[in-house]
Amino acid sequence: MDQLKGIGMQVFYTILKQHRRKLRPEMRILGDAYVKEEFRQAHQKANQEQYIEFLKRWAIYIEELDKSKQIGRDLTSEEKALLNEEQIENLYKLKEFSKQQKSE
């Protein structure tokens, strides 16, 4: 699992680097905070199988950032079906935080 955590840190830093290149500053603040929290929780709670799947999903995100000129998309119904209650709650919090940042 330690080797996986090392790979996870590489994925994490790649995401932050992509955010610097691809996101506007206000989106980057929100995106970086979200990524940091997700990785923190995965390090604490995920077993090896879950962590591998977690990293696969973030690798897809990196690929999308790399290819995309337009940042952001809606989740597919398949992706929504994979979310657990905690992830749904986190997305709701992210949505509320985003609204709050826009109004400030």
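Start by colouring the chain by pLDDT and selecting helix α5, residues 85-103: among the elements of the protein chain, this helix has the lowest mean pLDDT, 81. Now jump to α3, where the mean is the highest, at 94. This is a predicted model, and across the whole protein chain the mean pLDDT is 88, with 91% of residues reaching 70 or more.

Stay with α3 and bring in its partners one at a time.

**Stop one: α1 beside α3.** Select helix α1, residues 2-22, together with α3. Their axes come within 10 Å and cross at roughly 25 degrees. Angles under 35 degrees count as roughly parallel, and the two helices are therefore roughly parallel to each other. If you look along the crossing, you will find that α1 and α3 make a left-handed one. Next, show side chains. From α1, the residues to display include Leu 4, Ile 7, Val 11, Ile 15 and Lys 22; on the α3 side, the residues they meet include Tyr 51, Ile 52, Leu 55, Trp 58 and Asp 66. Colour this contact by class and you get 11 nonpolar, five polar and four charged residues.

**Stop two: α2 against α3.** Hide α1 for a moment and select helix α2, residues 25-45, with α3, residues 48-67. These axes also come within 10 Å, crossing at roughly 160 degrees, which means α2 is roughly antiparallel to α3. Here too, α2 passes α3 in a left-handed crossing. For the contact itself, pick Tyr 34, Val 35, Glu 38, Phe 39, Ala 42, His 43 and Lys 45 in α2, then Gln 50, Tyr 51, Phe 54, Leu 55 and Trp 58 in α3. By class, there are eight nonpolar, two polar and two charged residues in this contact.

**Stop three: an aromatic pair.** The whole structure holds eight aromatic pairs. Zoom in on one of them, Tyr 34 with Trp 58: the ring centres are 6.5 Å apart and the planes sit at 50 degrees, so the pair is tilted. Because Tyr 34 belongs to helix α2 and Trp 58 to helix α3, the pair ties together parts that are 24 residues apart in sequence.

**Stop four: α1 against α2.** Bring α1 back and hide α3. The axes of α1 and α2 come within 10 Å and cross at roughly 175 degrees, so α1 is roughly antiparallel to α2. Among the α1 residues to select are Met 9, Phe 12, Leu 16 and Arg 20, and the α2 residues in this contact include Arg 28, Gly 31, Asp 32 and Lys 36. Colour by class once again: the residues divide into eight nonpolar, four polar and five charged.

Technical notes
Residues numbered from 1 in each chain as written. Predicted model: local features only at pLDDT ≥ 70, side-chain atom pairs only at ≥ 80, totals over all residues. Heavy atoms only, no water. Axes fitted to C-alpha atoms, helices over the stretch in contact; angles between N-to-C directions. Helix = DSSP H or I, 4+ residues; strand = E, 2+ residues; numbered from the N terminus. Parallel < 35°, antiparallel > 145°, perpendicular 65-115°, else oblique. Left-handed = near helix turned anticlockwise from the far one by under 90°. Contact = heavy atoms within 4.5 Å. Nonpolar A, V, L, I, M, F, W, Y, C, P; charged D, E, K, R; others polar. pLDDT = per-residue confidence, 0-100. Phe/Tyr/Trp six-rings, centres within 6.5 Å; stacked < 30°, edge-to-face > 60°.
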